[in-house]
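The exercises below concern the geometry of a single protein chain. Please work through each task with the sequence and the coordinates at hand before reading its solution.

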Amino acid sequence: MDKLLEILSQNSDFTNEELASMLNEPEDYIAAQIKEYHSRGIIKGYHATINWEKVSDADVTAIIELKVTPKPESGFDEMAKRVMEYSEVKSVYLMAGSYDFAIFVEGSTIQEVSAFVSKKLSALDGVISTATHFMLKCYKEHGVPLVDFGEDTDKRSLIL
């Protein structure tokens with residue numbers, strides 16, 4: 001794997017100067033590489049990893065398993081394109097296994113996500129079934145631990 005891309009995928013806050021130092025490359029070379037990655041569509045954007053449990057008005061997130069009938073001429077691409085158009089949908093993955101797509105959906109409440117699945121997603125032509133899994137807690141995201149378990153979280157004394 002390209003070391004520059006690996007570093008950027010873990011932390012996109014590094015400056016070109018810091019990246020150059022880490023990779024032992026000239027700063028102008030790093031800037032040119034990043035520019036090329038953007039122009040080739042390799043780097044599509046940057047994001048911050050947020051611990052949403054610390055935010056009082058955070059959205060509800062659900063993973064939807066979607067089983068569909070692929071179209072003979074376009075396979076799964078047509079369904080992926082239709083699903084991606086919904087603003088509630090944050091990520092879409094084609095899967096191998098017992099279902100075809102894993103869809104990450106966000107909404108203000110469980111009821112809002114449920115209504116989206118039952119009224120919009122399930123109603124799409126070609127959808128065979130859905131299964132909704134609401135995320136209760138995120139321990140690690142994009143390689144970043146969000147929970148600090150500390151050295152020893154059990155403060156009880158051992159009685160012999």
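Four exercises with worked solutions follow, and the model they refer to is a predicted one.

**Exercise 1. Helix packing**

Determine how α2 and α3 are oriented towards each other, and state which residues make the contact.

Solution.
- Step 1. Helix α2 covers residues 16–23 and helix α3 covers residues 27–39; the two pack at an angle of about 110 degrees, and their axes are 8 Å apart.
- Step 2. Angles of 65 to 115 degrees count as roughly perpendicular. The helices α2 and α3 are therefore roughly perpendicular to each other.
- Step 3. On the side of α2, the contact is made by N16, E17, L19, A20 and L23; on the side of α3, by E27, I30, A31 and I34.
- Step 4. Sorted by class, the contact of α2 with α3 consists of 6 nonpolar, 1 polar and 2 charged residues.

**Exercise 2. Two asparagines**

Describe the surroundings of N16, and classify N24 as buried or exposed.

Solution.
- Step 1. N16 belongs to helix α2. Its relative accessible area is 27%, so N16 is partly exposed.
- Step 2. Leaving aside residues up to four places away in sequence, N16 touches E27, I30, A31 and I34.
- Step 3. For one of these partners, A31, the C-alpha atom is separated from that of N16 by 6.3 Å, although the two residues are 15 residues apart along the chain.
- Step 4. N24 lies in the loop between α2 and α3. This residue has a positive phi of about 55 degrees, although it is not a glycine.
- Step 5. Exposed means over 50% relative accessible area. With a value of 69%, N24 is therefore exposed.

**Exercise 3. Aromatic pairs**

Assign a geometry to the ring pair Y86 and F116 and to the ring pair Y139 and F149.

Solution.
- Step 1. A pair of aromatic rings is described by the distance of the centres and the angle of the planes. The structure holds 4 aromatic pairs.
- Step 2. For Y86 and F116, the distance is 5.2 Å centre to centre, with 80 degrees between the planes; this aromatic pair is edge-to-face.
- Step 3. Y86 sits in the loop between α4 (77–84) and β2 (89–94), and F116 in helix α5 (residues 110–121); the pair thus links distant parts of the chain, 30 residues apart.
- Step 4. Y86 has a relative accessibility of 21% and counts as partly exposed, whereas F116, at 3%, counts as buried.
- Step 5. The ring centres of Y139 and F149 are 6.0 Å apart and the planes stand at 20 degrees, so this pair is stacked.
- Step 6. Y139 is in the loop between β4 (127–134) and β5 (140–141), while F149 is in the segment after β6 (144–145); the pair therefore ties together parts that are 10 residues apart in sequence.
- Step 7. Y139, with 45% relative accessibility, counts as partly exposed.

**Exercise 4. Nonpolar cores**

Identify the residues with the most contacts inside the largest nonpolar core, and the element that gives the most to this core.

Solution.
- Step 1. The largest nonpolar core has 18 residues, and L66, V83, I103 and L121 have the most contacts inside it.
- Step 2. At least two residues of this core come from each of β1 (60–68), α4, β3 (101–107) and α5.
- Step 3. The element that gives the most is β1, with 5 residues.
- Step 4. Not counting residues up to four places away in sequence, V83 touches L66, V89, V92, I103, L121 and L124.
- Step 5. A second, separate core has 9 residues, including L8, A20, I30 and Y37.

Terms used:
Residues numbered from 1 in each chain as written. Predicted model: local features only at pLDDT ≥ 70, side-chain atom pairs only at ≥ 80, totals over all residues. Heavy atoms only, no water. Axes fitted to C-alpha atoms, helices over the stretch in contact; angles between N-to-C directions. Helix = DSSP H or I, 4+ residues; strand = E, 2+ residues; numbered from the N terminus. Parallel < 35°, antiparallel > 145°, perpendicular 65-115°, else oblique. Contact = heavy atoms within 4.5 Å. Nonpolar A, V, L, I, M, F, W, Y, C, P; charged D, E, K, R; others polar. Phe/Tyr/Trp six-rings, centres within 6.5 Å; stacked < 30°, edge-to-face > 60°. Buried < 20%, exposed > 50% of the residue type's maximum accessible area, 1.4 Å probe, protein only. Core = buried A, V, L, I, M, F, W, Y, C linked by side-chain atoms within 4.5 Å.
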